[in-house]
Amino acid sequence: MRHIDAAPTDEFGWVPQDFTPPHGFVHLPGPGKFIGRSADYFIRRQDDGNHSLGTLICEGQSNTQGFAHGGFLMTFADFAMTIITMGITINLTADFIRPVKVGEWIEAQVVTRKRTANLIFADAMATTNGREVLRMSGVFKPVPNRAP
Ligand SMILES: CC(C)(COP(=O)(O)OP(=O)(O)OC[C@H]1O[C@@H](n2cnc3c(N)ncnc32)[C@H](O)[C@@H]1OP(=O)(O)O)[C@@H](O)C(=O)NCCC(=O)NCCSC(=O)Cc1ccccc1
């Protein structure tokens, strides 16, 4: 993980080294330069074979009000849905249902509704402390050999 010596309240705002994600989540290395600069991400493979993506909201993802910035939440939504569906984004919509505070863990569970040879239709819900905060829906193009 990068930015190791930062605490959530530091100006850089990255996940501190001693942060322990919820059970089953492991740090996701090398997610690409843009995504890699946006946050530190963790992924969990569930018993049913589906995956969840999570991150700790830090100062680096906050707006001036101390909540996760809407732009970051869209980045999180896009990354969660593409890494889990193994697709590239054609369409993505999101509802910001509740604000997410700095210091809160957010995780998204993605459900693929339909997969054809050319298209993937998926939706997802992200929660914080068991409460729904972000609903996502999208259409994606399958990319061979892209794995979470
Ligand atoms: C404020 C409001 C938009 C409305 O809430 P209220 O005023 O309380 O309205 P109300 O009392 O009518 O209750 C509504 C009820 O309906 C729920 N509900 C809502 N939508 C849905 C839905 N689609 N589906 C289902 N339910 C939905 C909602 O949870 C609540 O249920 P609850 O009573 O809790 O059981 C709230 O949804 C919210 O905070 N969203 C997050 C916004 C956010 O974080 N945006 C990103 C950061 S902004 C940024 O970065 C830019 C910036 C930069 C710099 C500086 C400033 C800004």
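User: Is L53 buried or exposed?
Analyst: In this predicted model, L53 is found in strand β3, residues 51-56. Buried means under 20% relative accessible area. L53 has 0% relative accessibility, so the residue counts as buried.

User: How far apart in space are L53 and I120, C-alpha to C-alpha?
Analyst: In sequence, L53 and I120 are 67 residues apart. Between their C-alpha atoms, the separation in space is 18 Å.

User: Which residues have the most contacts inside the largest nonpolar core?
Analyst: In soluble globular proteins, nonpolar side chains tend to be buried together. Here the largest nonpolar core has 31 residues. Inside this core, the residues with the most contacts are Y41, L53 and F76.

User: Which element gives the largest share of this core?
Analyst: Two or more residues of the core come from each of α2 (70-85), β5 (105-115), β6 (120-128) and β7. The largest share is nine residues, and the element that supplies them is α2.

User: Which residues are in contact with F76, leaving aside its neighbours within four places in sequence?
Analyst: F76 is one of the residues with the most contacts inside the largest core. With sequence neighbours within four places left out, the contacts of F76 include G54, T55, I106, E107, A108 and A126. The rest of the list is Y41, L53 and L134.

User: How many residues make up the other core?
Analyst: Another core lies apart from the one with 31 residues. Its members include V15, F19, F25 and W105. The number of residues in this other core is seven.

User: Is E107 buried or exposed?
Analyst: E107 is found in strand β5. Its contacts, leaving aside neighbours within four places in sequence, include P22, F25, L53, F76 and M125. The cut-off for buried is under 20% relative accessible area. E107 has 15%, so this residue is buried.

User: What is the length of the polar contact that joins the side chains of E107 and R44?
Analyst: R44 is among the residues in contact with E107. The side chains of E107 and R44 are joined by a polar contact of 3.3 Å.

User: How many residues surround the ligand?
Analyst: The closest residues are G70, F96, I97, R98 and P99. By class, the shell has four nonpolar, five polar and four charged residues. Strands β4 (87-96) and β7 (131-142) each supply at least two residues of this shell. The number of residues that surround the ligand is 13.

User: What distance separates a backbone N or O atom of I97 from an oxygen atom of the ligand?
Analyst: Side-chain atoms of other residues also pair with ligand oxygen atoms: an N or O atom of N63 at 3.2 Å, and a polar atom of R98 at 2.8 Å. For I97 the atom belongs to the backbone, and its distance from a ligand oxygen atom is 2.5 Å.

User: What share of the ligand's exposed area does the protein bury?
Analyst: Taken alone, the ligand exposes 1,100 Å². The part of that area buried by the protein is 42%.

User: What pattern does the protein follow along the sequence?
Analyst: The protein has two helices and seven strands. Read along the sequence, their pattern is β-α-β-β-α-β-β-β-β.

User: What percentage of the residues of the protein count as buried?
Analyst: The accessible surface of the protein comes to about 8,000 Å². Carbon and sulfur atoms hold 52% of that surface. Of the 148 residues, the share that count as buried is 41%.

Technical notes:
Residues numbered from 1 in each chain as written. Predicted model: local features only at pLDDT ≥ 70, side-chain atom pairs only at ≥ 80, totals over all residues. Heavy atoms only, no water. Near = heavy atom within 4 Å. Polar contact = N/O pair within 3.5 Å; in protein donor to acceptor, adjacent residues only side chain to side chain. Areas by Shrake-Rupley, 256 points an atom, 1.4 Å probe, with all protein chains shown as cover. Helix = DSSP H or I, 4+ residues; strand = E, 2+ residues; numbered from the N terminus. Nonpolar A, V, L, I, M, F, W, Y, C, P; charged D, E, K, R; others polar. Core = buried A, V, L, I, M, F, W, Y, C linked by side-chain atoms within 4.5 Å. Buried < 20%, exposed > 50% of the residue type's maximum accessible area, 1.4 Å probe, protein only. Contact = heavy atoms within 4.5 Å.
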